[in-house]
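Got your viewer open? Load the model, switch to a cartoon view and keep the selection box handy.

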Amino acid sequence: MNPSNADTRLAHLSALLLETYQLAREEPIERFHDTVLDCLTAALPFEKAWWGRAALTPEGPFEQSSHLYGLPRDYLDDWLAIRAEDITVQRSHANPGHAVVIDTQAPDTPRGLRLLGEKHGFGEFLCIVHIDPITQLSDHLSLYRRPGAPPFEPDACRLLECVMPHLAAAVALNQIRTLMAMRESLGGQRLALAVCNREGVLYGAETGFAELLRTEWPGWVGPHLPVPPCPDGYEGRRLQIDVRRITDLYLLTARTRHAMEQLSARENDVARLFGEGLTYKEIARTLDMSPHTVRHHLRSIYAKLGVRGKAGIAHLLHEAPPNG
């Protein structure tokens, strides 16, 4: 290899990596994949891409999340229909970290994969898999070129092999930065943040997240959440999880539920006045209800909070957060 050409390639690789990490720190999570792929195509030309994450199972990789670049949403359904004929899966997972080139128009290419390329307008493509040593989740990236485009050369394979671990690290960095930005917006509340996919597999979490989950589910171990993410979040006896969806990912905010949050709005009113020292009759007059109804609410409050008397209720009121 000509030394000047090698120096040029190293300079381009260095610039690409610097820009990738800068984007990880600055780009919103919902735009990160597209923007990084825009940068990558300048160094390694392609027209379409599929960047995803999968869990490794005895039956093979199980897709957890996907980002499509220049491909329609129904591409995944079309791929699932011919998955058994996709030789890329076995070849790329047999040698993680090494790029493989597949020509959909080659005579020995399985029919299903050839038809997939014809429908979605690609001929040759380059694929690589990176397996996270801690989570054992696999990040995969396929870069597609149109039929008749120049083939992927060995230098393109080497470039993708060098870049792929950094792309996986940049995704994690981008998610962590998003969590940090969320934490700043939430102020000083006692909580922990995490990122998961639609199946409830954790991709990243703050240190205290697992401890919070175990207050509700003592025997829980990851990486799957005890309950799948739901747009309405989760409210348990001891734990509350707020859920925000961004693309294929979910941002989770977990916090301990204060005992007072178990009460209805009317029970909260009764508990607050009783804890302040008012009598049954005084509470009844203030809230426009009968003393019998006040006593009924207090029995329910004692049962829910596990306390007795004004002192117990007053103690919980004192511990409650300002917005509790």
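Here is a walk through the chain, one stop at a time.

**The whole chain**

Before selecting anything, bear in mind that this model is predicted. Colour by secondary structure and you should find 11 helices and 10 strands. Of the chain's 324 residues, 46% count as buried. If you show the surface, you are looking at about 16,900 Å² of exposed area, with carbon and sulfur atoms supplying 54% of it. Contacts often reach far along the sequence: among those with a separation of 6 or more, 56% link residues 24 or more positions apart.

**The largest nonpolar core**

Next, select Leu40, Leu44, Trp51, Leu141 and Leu143, and show their side chains. These have the most contacts inside the largest nonpolar core, a set of 30 residues. Two or more core residues come from each of helix 1 (3-26), helix 2 (32-43), strand 1 (48-57), strand 4 (124-131), strand 5 (137-144) and helix 6 (154-186). The largest share, nine residues, belongs to helix 6.

Which residues does Leu44 touch, leaving aside its neighbours within four places in sequence? Zoom in on Leu44 and look for Leu126, Leu143, Arg145, Phe152, Ala156, Leu159 and Leu160. Apart from this core lies another one of 17 residues; to find it, select Ala192, Phe209, Trp217 and Ala254, which are among its members.

**A buried arginine**

Now go to Arg53 in strand 1. Is Arg53 buried or exposed? Its relative accessibility is 9%, so Arg53 counts as buried. Show its side chain together with that of Asp139: the two make a polar contact at 3.1 Å. Beyond the neighbours within four places in sequence, the contacts of Arg53 include Phe62, Glu63, Val171 and Tyr203.

**Helix 5, side by side**

Select residues 111-120, which form helix 5, and pick out its buried residues: Gly112, Leu113, Leu116, Gly117 and His120. Why do they sit on the same side of helix 5? They cover an arc of only 140° around the axis, which puts them on that one side. Turn to the other side of helix 5 and you meet Arg111, Glu118 and Lys119, which are exposed.

To see what covers the buried residues of helix 5, bring up elements including strand 1, helix 3 (75-82), helix 4 (87-94), strand 3 (100-103) and strand 4. Then step just past helix 5 to Gly121, which takes a positive phi of about 75°.

**The five-stranded sheet**

For the last stop, show the open sheet whose five strands run in the order 7-6-10-9-8 with antiparallel pairing. Strand 7 (202-205) and strand 8 (234-235) stand at the edges with a single partner strand each, so one side of each has no neighbour in the sheet.

Start at strand 8, which two bridges join to strand 9 (residues 239-246). Here Tyr234 stands opposite Ile241 in strand 9. Moving on, strand 9 pairs with strand 10 over eight bridges, in the antiparallel sense, and Arg244 faces Leu251 in strand 10. Follow the hairpin between strand 9 and strand 10: two residues separate the strands, and Thr247 takes a positive phi near 55°.

Finally, select strand 10 (residues 249-256), where seven of the eight residues are buried. Six bridges connect strand 10 to strand 6 (residues 192-197), running antiparallel. Look there for Leu193, whose bridge partner in strand 10 is Thr253.

Terms used: Residues numbered from 1 in each chain as written. Predicted model: local features only at pLDDT ≥ 70, side-chain atom pairs only at ≥ 80, totals over all residues. Heavy atoms only, no water. Core = buried A, V, L, I, M, F, W, Y, C linked by side-chain atoms within 4.5 Å. Buried < 20%, exposed > 50% of the residue type's maximum accessible area, 1.4 Å probe, protein only. Helix = DSSP H or I, 4+ residues; strand = E, 2+ residues; numbered from the N terminus. Contact = heavy atoms within 4.5 Å. Polar contact = N/O pair within 3.5 Å; in protein donor to acceptor, adjacent residues only side chain to side chain. Pairing = 2+ DSSP bridges. Areas by Shrake-Rupley, 256 points an atom, 1.4 Å probe, with all protein chains shown as cover. Arc of directions from axis to C-beta.
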